[in-house]
Amino acid sequence: MKRFAELFNLLDQTTSTKSKVTLLKDYFALVDDKDRMWAMALLSHRRPKRTIKTALLREWAAELSNLPLWLFEESYHIVGDLAETIALVLPAATHKKEEPLTYWIDLIKNLKDKEEVEKKEAILNAWSGLDAKERFIFNKLITGGFRVGVSQKLMTKALSQYTEIEEKSLTHRLMGNWSPDDTTFEELILNENPLDDISKPYPFYLAYAFDLTFEELGNVSEWQVERKWDGIRGQLIVRKENIFIWSRGEELVTDKFPEYKILTELLPDGTVIDGEILPFKDDKPLSFNILQTRIGRKNITKKILETAPVILMAYDLLELDGKDLRETPLYERRKLLEKLIAKVDHPVLKISPIVSGDSWSAFEKEREKSRSLDTEGLMLKRKESSYQSGRKKGDWWKWKVDPLTIDAVMLYAQRGHGRRSNLYTDYTFAVWDGDNLVPFTKAYSGLTDKEFAEVTKFVNKNTKEKFGPVRSVKAELVFEIAFEGISKSSRHKSGVALRFPRIKRWRKDKPVEEANTLKDLTDLLQNYQL
Amino acid sequence: MALLQLTKNGLYCEQADVYIDPWRKVDRALITHGHADHSRWGHKAYLCTHSAKPVIRHRLGAKMKIQSIEFGQKMNMNGVSFSFHPAGHIVGSAQIRVEYKGEVWVASGDYKTEYDGISEAFELVKCNTYITESTFGLPVYKWQPQKEVFEDIHNWWRQNQRDGKVTILTAYSLGKAQRIIANLDPEVGPIFTHGAVEDINEIIREQGFYLPPTTRVNKTQKKGDFKNGIVITPASGLGTAWVKKFEPKSVGAASGWMAVRGARRRRSVDRGFVLSDHVDWESLNAVIEGTGAEQVLVTHGYSDIYSKYLREKGLKSQVLETQFEGEQQEEEEVEEIIGENEKKEKE
């Protein structure tokens with residue numbers, strides 16, 4: 001544990017990618033197979049199953065630190081990280097217990113079916129035998145969320161240097177539903193047949209936002225243009241009479257979308273399709289909000305299937321008849337995909353249509369239509385491109401439509417979490433309705449740290465009322481809010497809900513009376529309803 | 001009528017007609033220390049400790065009327081007895097004791113209890129009512145002894161020397177910077193300073209405090225002149241072209257906020273050292289208990305939370321909405337001071 005805590009600490013202290021890779025590689029070389037596997041798992045967001053409720057952890061931490069629970073909770077709110085808050089408030093260790101990472105993970109796993117008193121004893125005992133840095137790691141093993149600026153890619157790179165296995169192969173081997181509990185380092189990493197695990201997806205190829213000129217893109221005929229759909233990126237795999245759906249976050253979401261089940265029989269063995277999981281009804285996409293109502297649910301009820309049905313809007317074919325097509329040029333993959341979808345001929349699997357145009361200006365016009373077609377913009381893909389892995393520049397671009405904007409007044413401010421725990425960073429905004437200000441959205445990112453500090457100063461001096469961490473402030477500051485879409489909402493006082501609202505800039509030049517009105521918002525709703 | 005009360009101008013003693021660290025212009029101001037949120041420009045008369053005066057003079061200019069007094073010396077104003085007692089926050093910083101008809105109040109300004117090697121050591125003053133800051137009034141803030149922090153700083157400095165990097169440590173130019181310099185081992189390597197820091201160093205040295213030798217960074221030095229060195233600069237120095245000649249460099253920050261990982265990441269420095277000139281949770285509670293105060297008024301920081309905690313412990317306590325802003329404020333204010341100095345240079 002000491003080594004892993006030290007690794008974490010060192011990773012946290014550097015912003016250099018090169019040193020991070022070296023630190024990881026050195027760690028991999030130093031520890032045994034078990035600890036190495038767990039380190040890999042933890043750094044790729046895989047953690048042991050939670051065996052203790054966090055509510056209990058809070059209670060026990062407050063008790064051991066001799067603090068009232070409310071004070072612990074306030075501290076947690078300000079620190080923004082439960083594992084860290086506990087590590088910080090606990091009294092100093094009473095003894096020293098040095099065990100490897102795997103020992104502590106096993107300890108946590110073994111608490112699964114234990115009585116609460118036994119759990120409590122084990123956790124309190126662990127806390128008392130670890131120093132602050134180790135405690136933080138121990139708590140993270142329970143709560144999850146090891147954010148340390150190590151991407152899967154970076155970890156893979158370090159692993160590649162350590163094992164001398166090619167990075168791409170490792171990326172493939174590391175994907176999917178593995179856990180150190182049911183595989184070994186040898187099986188997962190050193191094994192040369194990654195396709196043995198039939199659920200494994202290919203790494204997604206991600207596009208960059210278009211930031212070139214048309215001249216730099218070259219001849220318009222070299223590009224395939226599609227709509228950019230507003231759903232969830234997904235990969236559909238049919239192999240050996242099984243179907244798997246992976247989301248872009250590398251989550252296996254097969255059970256959340258039973259609509260696709262039928263494709264198990266309709267698609268040939270060894271098919272992998274890249275596309276958009278899209279809420280779709282009566283021949284057109286539904287609002288992303290509707291899909292969101294499904295994502296969080298454990299059980300997919302009949303009602304959900306009726307109100308928020310999904311299709312797969314397919315745009316690429318990565319594997320056909322068990323053959324990896326990623327090196328085949330896009331235009332050929334597209335032909336194969338069209339043929340396949342025509343053959344399947346089922347409403348749940350559609351092909352993302354090609355947008356035609358013979359000049360960039362024609363596409364500029366097409367892009368203008370995006371909002372009325374309930375899409376986010378256009379995708380530009382080079383016809384000759386292979387299917388690469390990760391975010392790569394050059395061959396695929398997303399060309400989003402410009403956001404909608406409105407000037408709004410800040411009404412409430414809330415202290416930020418974690419990184420910004422000493423600043424007011426979360427604001428609620430309002431627009432005028434006659435002489436009243438009607439709140440209509442919250443927005444977070446978009447200001448610089450310096451601006452946040454400035455707003456915080458304003459909040460401190462202009463607080464009207466306090467409600468826990470939230471303060472109502474004098475209506476004085478005006479901000480330009482950008483958002484991707486607007487829809488009707490009965491849940492909000494203003495009657496509208498925004499998609500991806502964020503602060504575009506601080507309108508210091510605008511007096512509060514000149515902020516936009518509720519009517520301006522409803523006009524936008526009329527024009528651009530999703 | 002309370003002995004000290006909050007008015008729109010600041011903390012006021014009506015019986016003596018005098019303010020403590022007021023934020024609007026007043027006739028008579030008692031000043032705990034020279035940080036800008038406590039010692040503002042424009043009052044008609046100032047009173048502070050002898051050792052706080054030179055810095056305050058430097059910050060406010062030659063025209064202001066500033067008088068000073070010995071630590072512990074009693075002074076009477078219309079029947080009210082005032083005295084200044086070390087707060088351990090920065091050189092010259094004081095808690096102000098106010099006594100009238102047997103009732104004692106203490107306004108502590110900013111303070112810390114650990115002796116930092118340069119500021120006059122904190123003195124615990126018995127009182128009936130204690131006015132305390134709460135900049136770090138949460139149980140997550142616990143400081144290590146500064147000896148350990150300086151060991152970490154020196155180890156990092158040596159590691160940077162091995163890696164061929166210049167070490168840059170950011171600190172507030174008045175107080176934190178001198179505390180750091182006073183505790184650095186000049187045997188490890190040369191110590192360089194940003195102009196805003198060195199201006200204060202000169203004043204402090206002139207007062208007779210010892211600081212190891214430092215070199216002001218100026219335009220004639222070149223890349224390479226800083227080999228093996230450590231540069232002490234306010235954080236705002238980092239955002240400018242000024243830092244270019246230190247490449248390759250490793251940047252650290254020293255502040256109480258660095259105790260929380262999120263704040264460390266927000267500053268995006270290579271290393272964060274937890275070093276504060278304010279009390280941590282445990283010392284704060286020990287001081288409150290030690291003063292024997294039956295009433296505690298809580299100012300800048302996590303005042304709502306800390307005041308509620310004290311009430312639950314059975315003390316009389318409430319929040320005082322002052323305009324003091326603790327360590328965060330100090331970090332922001334740096335640019336203001338640099339601005340002033342630049343103005344002077346032009347003149």
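What radius of gyration does chain A have, and what would a compact globule with 530 residues have?

**Figure 1. Overall view of chain A in the predicted model.** A compact globule with 530 residues would have a radius of gyration near 24 Å, and chain A, with 26 Å, agrees with this; the radius is taken over C-alpha atoms, and the globule rule is 2.2 Å times the number of residues to the power 0.38. The C-alpha trace of chain A spans about 75 × 70 × 50 Å along its principal axes, and the chain has 20 helices and 22 strands, where helices (H or I, at least four residues) and strands (E, at least two) are DSSP runs numbered from the N terminus. Buried residues account for 54% of the 530 residues, with buried meaning under 20% relative accessible area, exposed over 50%, and partly exposed in between (1.4 Å probe, protein chains only). Of the contacts in chain A with a separation of 6 or more, 71% are between residues 24 or more positions apart, a contact being heavy atoms within 4.5 Å.

Residues are numbered from 1 along each chain as its sequence is written, while chains are lettered from A and ligands numbered from 1 in the order in which they are written. Because this is a predicted model, local features need pLDDT of at least 70 and side-chain atom pairs count only at pLDDT 80 or more, whereas totals for chains, interfaces and linings use all residues, and side-chain values use heavy atoms, with hydrogens and water left out.

**Figure 2. Packing of helices α1 and α2 in chain A.** Helix α1 (residues 2-13) and helix α2 (residues 17-30) pack at an angle of about 175°, and their axes are 10 Å apart; axes are lines fitted to C-alpha atoms, for helices over the stretch in contact, and angles run from 0 to 180 degrees between N-to-C directions. The two helices are therefore roughly antiparallel to each other, the term used for angles over 145 degrees. On the α1(A) side the contact is formed by A:Arg3, A:Phe4, A:Leu7, A:Leu10 and A:Leu11, which meet A:Lys20, A:Leu23, A:Leu24, A:Tyr27 and A:Leu30 of α2(A). These contact residues divide into eight nonpolar, no polar and two charged, where Ala, Val, Leu, Ile, Met, Phe, Trp, Tyr, Cys and Pro count as nonpolar, Asp, Glu, Lys and Arg as charged, and the others, Gly among them, as polar.

**Figure 3. Surroundings of A:Val21 in helix α2 of chain A.** A:Val21 counts as buried at 5% relative accessibility. Leaving aside residues up to four places away in sequence, A:Val21 touches A:Leu154, A:Lys157, A:Ala158 and A:Gln161.

**Figure 4. Helix α3 of chain A and the residue A:His45.** Helix α3 (residues 33-43) is mostly covered, since nine of its 11 residues are buried, including A:Trp38, A:Met40 and A:Leu43. The helix is followed by A:His45, whose phi is positive, near 60°.

**Figure 5. A:Ser75 and its neighbours in chains A and B.** A:Ser75 is found in helix α5 (residues 69-79) of chain A and is buried, with a relative accessible area of 0%. Apart from residues up to four places away in sequence, A:Ser75 touches A:Thr85 as well as B:Leu138, B:Pro139 and B:Val140.

**Figure 6. Two loop residues of chain A with positive phi.** Most residues other than glycine have a negative phi, and most peptide bonds are trans. A:Asn66, although not a glycine, has a positive phi of about 60°; A:Asn66 sits in the loop between α4 (54-64) and α5 and is exposed, with a relative accessible area of 66%. A:Glu241 likewise has a positive phi of about 60° without being a glycine; A:Glu241 is placed in the loop between β4 (232-239) and β5 (242-247) and counts as exposed at 73% relative accessibility.

**Figure 7. B:Thr299 and a cis peptide bond in chain B.** B:Thr299, in strand β18 (residues 295-301), counts as buried at 4% relative accessibility. Among the residues that B:Thr299 touches, not counting those up to four places away in sequence, are B:Ile131, B:Glu133 and B:Leu320. Elsewhere in chain B, a cis peptide bond with omega of about -10° joins B:Glu247 and B:Pro248, and B:Pro248 is found in the loop between β15 (230-233) and β16 (249-254).

Definitions and conventions
Angles under 35 degrees count as roughly parallel, over 145 as roughly antiparallel, 65 to 115 as roughly perpendicular and the rest as oblique.
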